[in-house]
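Visitor: Could you walk me through this model? I would love to hear about its rings, its charges and its helix packing.

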Amino acid sequence: MKPSNYDDWKNCITVSCGIALAADYIRQRISDLEDPSNYHTQKFKKTWGETYLETVIGWFERARTETSK
């Protein structure tokens, strides 16, 4: 399933996958997703496309903002 909005994406990460959106995790994921030479980023982009990659980076940035409050 490909989440289509932030709330669904956050639920998928935190509930379905059981991953806490901790500051270190968020920072690492943003770094990885913004690295075009990262194998997993290349695979993500090939599977889901550039637009969705940018969307997911934006969701991680939103989560980072929420975490820092």
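What follows is a short conversation about this predicted model.

Visitor: How many aromatic pairs does the structure hold?
Guide: Happy to start there. Rings of Phe, Tyr and Trp pair if their centres lie within 6.5 Å. By that rule, the number of aromatic pairs in the structure is seven.

Visitor: Is the pair of Trp9 and Phe60 stacked or edge-to-face?
Guide: The two ring centres are 4.8 Å apart, and the planes meet at 80 degrees. Planes over 60 degrees apart count as edge-to-face. The pair of Trp9 and Phe60 is therefore edge-to-face.

Visitor: How many residues apart are Trp9 and Phe60?
Guide: Trp9 belongs to helix 1, residues 6-16, while Phe60 belongs to helix 4, residues 50-67. Both of these residues, Trp9 and Phe60, are buried. Their pair links distant parts of the chain, and the separation is 51 residues.

Visitor: And are Phe44 and Tyr52 stacked or edge-to-face?
Guide: Phe44 and Tyr52 are both buried. Their ring centres lie 6.0 Å apart, with 5 degrees between the planes. Planes under 30 degrees apart count as stacked, so the pair of Phe44 and Tyr52 is stacked.

Visitor: Which charged residue sits over the ring of Tyr52?
Guide: Tyr52 is one of the residues in an aromatic cluster that also includes Trp9, Phe44 and Phe60. A charged end sits over the Tyr52 ring, 4.5 Å from its centre. That charged end belongs to Lys2.

Visitor: Now for the charges: which residue forms a salt bridge with Lys10?
Guide: The count of salt bridges comes to five, and one of them involves Lys10, with the closest N and O atoms 3.3 Å apart. Lys10 lies in helix 1 and its partner in helix 4, so the bridge ties together parts that are 56 residues apart in sequence. The partner of Lys10 is Glu66.

Visitor: Which residues are linked with Glu66 in a network of salt bridges?
Guide: Glu66 also meets Arg62 in a salt bridge, 3.4 Å from N to O. Arg62 and Glu66 both lie in helix 4, four residues apart, about one turn of the helix. At 33% relative accessible area, Glu66 is partly exposed, and Arg62 is partly exposed at 42%. The residues linked with Glu66 in the network are Lys10 and Arg62.

Visitor: Which residue forms a salt bridge with Arg29?
Guide: Arg29 is partly exposed, at 24% relative accessibility. Its partner is three residues apart from it in helix 2, residues 23-33, so the two are separated by about one helical turn. The closest N and O atoms of the bridge are 3.7 Å apart, and the partner of Arg29 is Asp32.

Visitor: Last one: at what angle do helix 1 and helix 4 pack?
Guide: In this packing, Tyr6, Trp9 and Lys10 of helix 1 meet helix 4 residues, among them Val56, Phe60 and Glu66. The axes of the two helices are 11 Å apart. Angles of 65 to 115 degrees count as roughly perpendicular, which is how helix 1 lies to helix 4. The angle between helix 1 and helix 4 is about 75 degrees.

How values were computed
Residues numbered from 1 in each chain as written. Predicted model: local features only at pLDDT ≥ 70, side-chain atom pairs only at ≥ 80, totals over all residues. Heavy atoms only, no water. Buried < 20%, exposed > 50% of the residue type's maximum accessible area, 1.4 Å probe, protein only. Lys NZ or Arg CZ within 6 Å of the ring centre and 35° of its normal. Salt bridge = Lys/Arg side-chain N within 4 Å of Asp/Glu carboxyl O. Axes fitted to C-alpha atoms, helices over the stretch in contact; angles between N-to-C directions. Parallel < 35°, antiparallel > 145°, perpendicular 65-115°, else oblique. Contact = heavy atoms within 4.5 Å.
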